[in-house]
Amino acid sequence: MRASFVAGFGPMTRDTATSRAFWGDAVGIELRELSEDYFVSDKLDGVKHFGIWPLSQAADTIFGTTEWPDDVPAPTAWMEIDVASPDDVAPAIAELQAAGHRVLRDAHLEPWGQTTSQLLSPEGMLLGVTYTPWMHESD
């Protein structure tokens with residue numbers, strides 16, 4: 001088998017209303033109800049990067065140590081949502097924090113040129129709000 005692209009990705013939830021509010025209202029993904037309690041969006045561009053990210057590397061990136069802290073639920077998946085410019089990352093993460101979502105790391109410039117910030121979604125997914133310059137070069 002040879003995979004061509006990521007056809008779909010999304011969180012598994014135990015609380016659909018909370019997840020729909022986070023991904024739809026707070027993050028701004030246009031969602032429609034496909035069937036009872038199953039919300040989808042077919043209006044997002046495709047995934048430009050798929051990676052198997054070790055938890056130890058994520059911990060080092062966010063907390064500066066390879067051990068994930070015991071007081072923070074360990075994520076089982078990650079996703080990055082890019083915004084329109086590097087200057088949009090900080091206001092986006094501040095907006096999510098003001099809405100009561102747990103921010104793990106505020107906006108900052110990584111050594112490789114990506115502006116990133118991280119938080120946990122209601123399902124415990126590690127969500128990066130980012131600006132990745134090389135993914136916008138064709139815009």
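1. In this predicted model, the chain holds three helices and six strands, and, read from the N terminus onward, these elements follow one another in the pattern α-β-β-α-β-α-β-β-β.

2. On overall dimensions, the chain has a radius of gyration of 15 Å, which agrees with the value near 14 Å that a compact globule of 139 residues would have. Along the principal axes, the C-alpha atoms fill a box of roughly 40 × 40 × 40 Å.

3. As to contacts and burial, 52% of the contacts between residues at least 6 apart in sequence join residues that are at least 24 apart, while buried residues make up 31% of the 139 residues.

4. Turning to the surface, the chain exposes about 9200 Å², of which carbon and sulfur atoms supply 51%. The chain carries 8 positive and 22 negative charges, and the mean positions of these two sets lie 6 Å apart.

5. The count of aromatic pairs, taken as rings whose centres lie within 6.5 Å, comes to three. One of them joins F22 and W23 in an edge-to-face arrangement, with 5.0 Å centre to centre and 85 degrees between the planes; both F22 and W23 are buried.

6. Another aromatic pair, that of F63 and W68, is likewise edge-to-face, at 5.1 Å centre to centre and with 85 degrees between the planes. Here W68 counts as buried because its relative accessibility is 10%, under the 20% cut-off, whereas F63, at 30% relative accessibility, counts as partly exposed.

Conventions: Residues numbered from 1 in each chain as written. Predicted model: local features only at pLDDT ≥ 70, side-chain atom pairs only at ≥ 80, totals over all residues. Heavy atoms only, no water. Phe/Tyr/Trp six-rings, centres within 6.5 Å; stacked < 30°, edge-to-face > 60°. Buried < 20%, exposed > 50% of the residue type's maximum accessible area, 1.4 Å probe, protein only. Helix = DSSP H or I, 4+ residues; strand = E, 2+ residues; numbered from the N terminus. Rg over C-alpha atoms; globule rule 2.2 N^0.38 Å. Contact = heavy atoms within 4.5 Å. Areas by Shrake-Rupley, 256 points an atom, 1.4 Å probe, with all protein chains shown as cover. Lys, Arg positive; Asp, Glu negative; His and termini not counted. Charge placed at Lys NZ, Arg CZ, Asp CG, Glu CD.
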